[in-house]
Every structure is written in structure tokens, then in C-alpha cells.
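Visitor: Please show me the model, and explain the terms applied to it as we proceed.

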Amino acid sequence: MVNTKGYRRGTRYMFARKFRHHGPEHLSTYLKVFKIGEYVDVKGNGAIQKGMPFKFYHGKTGRVYNVTKRAVGVIVNKRVRTRIIPKKINVRIEHVHHSKCRQDFVTRVKDNDARRKAARESGHSVELKRRPVEPRKAHFVKTAKNKPQLVEPLAYEFVA
Amino acid sequence: MGMVKVVKNKQYFKRFQVKLRRRREGKTDYQARKGLIQQDKNKYNTPKYRLVVRFTNKDIIAQIVYAKIEGDKVLCSAYAHELPRFGIKLGLTNYAAAYATGLLLARRLLKQLKLDKIYEGTTDVTGEESHVEDVAGKPGAFKCFLDVGLGRTTTGSKVFACMKGAVDGGLNIPHSNRRFPGYDSESKKFDAEIHRKHIMGGHVGNYMKELQDADEEAYKKQFSRYLAAGVTSETIEGVYKSAHDNIRANPAPEKKEQKPKPPKNKRWNRKKLSHAEVANRIAQKKKAVLAKVGGGDE
């Protein structure tokens, strides 16, 4: 039997409200400001049926390309077989959150600019690249309250 | 009584979802609030100001507020308990006092924003319908929306007196005459004169006269403080007229002197002893015990 083509088919849990978070939406959702070019996460909110995203876009992140009275236009990438199509969807505010994917990058850029400026003024050189965590360097270990324990395997005992 | 199942058992409480806090307190109508606060997204950070009017048993609170995620910010506020400064000493929660509070708030705000010379509002109190228009070439009029809270919006309600005071003070608040006293819902006609009487305390004056003619004793009892202050049904309109003039003359709030408060230390438990103090305590205890034991032995 072929799957039914209902618009919200298979979304029983996806658009369901979380446990004890039913009812009216808190107003800070409506006070958030969205600007063109910002990254947003699309997350359908089952309590508000207007302007809901299609189930595919739930959990996707895109960029805002348009802002209207109560909604934003988001460009989301969708893979269709061999290619990726940038799709434009119109979503109401309640189904959209500011994405934190960009936050780390933006703060790092700001931080780097400040450090570069400070380095230029002081004359020191500065390492701005991120380094992955290196293995621990050689060091002494105190054994005063930390005696080494000898660990041995137990002799094999046959149990019937 | 048979065996009745306990409804409010552990499972009930585990599953219970509380309403929003201010709804639980019964103070905020969130549906109304959503409408008042929500700004068009294509207007980005432009604040949406609202004129918040609340009545307590003895006071009127009028504030210009705009919403932010961290919490609403109050731009300017006026209270009925400030009215004695302008000459209104009695009846601080009546229709006329509400009008005066709204007027005070509007003039105070416009002075704060340096718009008071441009937007005078209506200095002649006629009770007629009036709206504030933008003056060409100058900064636009200050627009805000009335927030009545949980009060029922009936014709003649005092929240609209406050709003009318603010409009006559120079704020642009969209409204119609429908809920002012003097509006006849059957004939759909608005009698500005009735409204004017209410604004100037005429309805209080009328009652004073009625009571005086009907029952002198009851009159003296009801309006004892008015009589002590020398306010009669004839002079009551004058009180409000001069108060409006005083408000327009100097609406700035009175600054109270803040005494620098000495920092009070709050501690609810004992302070922890330092290592030296603990060692000392132990040594002292040891000495005491040994002394007792040594003394007991001998």
C-alpha cells in the first residue's frame, strides 16, 4: 500500500507540544527581531497552525531573505537526488528561532579583531588560529595521597 | 459515602501544567497583551508604546510602557497621589482625577521628549472628540495605545477619562467617543457637555447638591472632608480647572531626596571558622577536658 499524501502525515510527534508546555506561547517569541541575512532554525510549533513550515523543513537551518508583518522568508537547502536546491519558505515567527550556529563564529571574529588590534598596538605577534586540544605535556604526579595501585589479573577459577 | 477516587493524587500533580505566572495571579490577560505588544516584524526594533491605566482602591496608576524581552520598560509615569501637589486633594480615584492623571502623564512625557511646545493638545476642556495630528515639518506626535488591563470597558469607565486626559495633553491615541459618558447607545449620539461635566467633577457636584437638599446630615457625613477643605458643589469645577492649569505649568515629577542607605549585611547561618580559628578551638577544648579529667583523677 502506498503512503498517504496528507500534508501533515507522519508528524504526530514532530509537531506535538512538549510535556507540560501546551497552551499559549510566551510573549518573548513575538518580541524577537529578525534581520535579513540572519541564520534561523525552523521548528514547527503545533499550537500555532498558521504559517507552519512543511514537515521536511522542521529542524532545518536557513537564512532570512525577507521580513513581513508576522512572518519571515527563509532560504533552506533541500537535497533532491543529485543536487541541492535552495528553497524559499514563508514561516511565521512562532516557528522560527535564532540559530546559534553562527554565534561562535561571530564572537570569534570579534574577539580576533580585538586581539589583532591589541597586538598591533603592543607590537607582539599573536596566534589567532584555533588549535585542536593537544595531548598532555610531561608532568610530575604527586603520590603523597595518591599511591600507585598494583593491578593484577585474577588466576582463572573454573566454576562448574 | 462510598470509596471515591482521590482526584488530586500524585499522578495528577505530576502531570499538572501551571498557567503562566501572571495568569495564575490573575493580573494579565495574555491575549490582550499579545495584541498590544506585537510589533510588525518589518518594523524591526521600533517600540510599540502603550498607555497603561490601572486603578487601585485609593490610587490611579498611569504609565507609558514599551515591551522588551528583559521586561517592560516604563518611559514615564503619573500617579493620582501626586495630584494634591496641583490642588486636587480629594476624590483621587474619580473620573475627574483620572482625567487629571492622564493629562499630567501626557504633559510630563512630552516635556521629557521635548515635544511639549509643539503638541499642546486641547487647553479648553470641552469634552468633545479630538485627535492629535502630526505637525508638518516637526517631529511626529507621540503615538501610543490604551491598555485597560482587566477592567471592563463600559461606557463612562474611568480608564477612558485617563485616556481623554492624555489626548487633551497632546498624545496621539486612536479612539472613538463610544465609551465616554455622554454617549447614548440608542441614538448613537455623543453629548460633549455631559462629558465635560464629568471631567470637571460636575457629577460629584450634582450629587453634593442633591444630598444637601434631601438630607443635610447624610450630606455632611458623606462629604465631610470636602466641607472641611471648603469645596462645595459650586467651587468643585474651579478646583479641577486650576489643577489643569497647574499641571500644564509644571508637570515635572518631584524628586525625592535619596538618603544613602548603609549596606545591611544579611546572614541566615553562622560564618565558617578559618583553619587557625578551628585549631585554636580544638586546643582550647582539649585543654578544658584534660583539666577536668586531671582534676577528677586527683
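Guide: The questions below set computed values against the definitions behind them.

Guide: This is a predicted model, in which local features need pLDDT of at least 70 and side-chain atom pairs count only at pLDDT 80 or more, while totals for chains, interfaces and linings use all residues. Residues are numbered from 1 along each chain as its sequence is written, chains are lettered from A and ligands numbered from 1 in the order in which they are written, and side-chain values use heavy atoms, with hydrogens and water left out.

Visitor: How do you know how many disulfides there are over all chains?

Guide: A disulfide is a pair of cysteine sulfur atoms within 2.5 Å. By that rule the count over all chains is zero. For B:Cys76, the nearest cysteine sulfur belongs to B:Cys144 and is 11 Å away, so B:Cys76 is in no disulfide by the 2.5 Å limit. The sulfur of B:Cys162 also has its closest cysteine sulfur in B:Cys144, at 10 Å, which is too far for a bond.

Visitor: Why is B:Cys162 called buried or exposed?

Guide: Buried means under 20% relative accessible area, exposed over 50%, and partly exposed in between, with a 1.4 Å probe and protein chains only. The relative accessible area of B:Cys162 is 0%, so this residue is buried. B:Cys76, at 4%, counts as buried too.

Visitor: What makes α5 of chain B a helix, and how does its span compare with the one expected?

Guide: Helices are DSSP runs of H or I with at least four residues, strands are runs of E with at least two, and both are numbered from the N terminus. Helix α5 of chain B covers residues 158–169, which gives 12 residues. The expected span is 1.5 Å times one less than the number of residues. That expectation is 16 Å, and the helix reaches 17 Å from its first C-alpha to its last, which is close.

Visitor: Why is α5(B) described as largely enclosed?

Guide: Of its 12 residues, 11 are buried, so the rest of the structure largely encloses this helix. Among the buried ones are B:Phe160, B:Cys162 and B:Met163. They pack against several elements of chain B, including β1 (50–55), α4 (95–112) and α10 (236–249). Just after the helix, B:Gly170 takes a positive phi of about 120°.

Visitor: What makes B:Leu110 a contact partner of residues further along the chain?

Guide: Contact means heavy atoms within 4.5 Å. Leaving aside neighbours within four places in sequence, B:Leu110 has contacts that include B:Phe142, B:Gly170 and B:Leu171. B:Leu110 and B:Leu171 are 61 residues apart in sequence, with C-alpha atoms 8.1 Å apart. B:Leu110 lies in helix α4 of chain B and, at 0% relative accessibility, counts as buried.

Visitor: How do you know the area buried between chain A and chain B?

Guide: Buried area is the accessible area (1.4 Å probe) that two parts lose on being put together, summed over both. For chain A and chain B this is about 1,900 Å², with carbon and sulfur atoms giving 62%. A:Leu27, A:Tyr30 and A:Leu31 supply 32% of the area that chain A buries against chain B, more than any other three residues. In contacts, 18 residues of chain A meet 18 residues of chain B.

Visitor: Why is the pairing of B:Asp40 and A:Arg70 called a salt bridge?

Guide: A salt bridge is a side-chain nitrogen of Lys or Arg within 4 Å of a carboxyl oxygen of Asp or Glu. The N to O distance for B:Asp40 and A:Arg70 is 3.3 Å, so the pair satisfies the rule. The rule finds one salt bridge across this interface.
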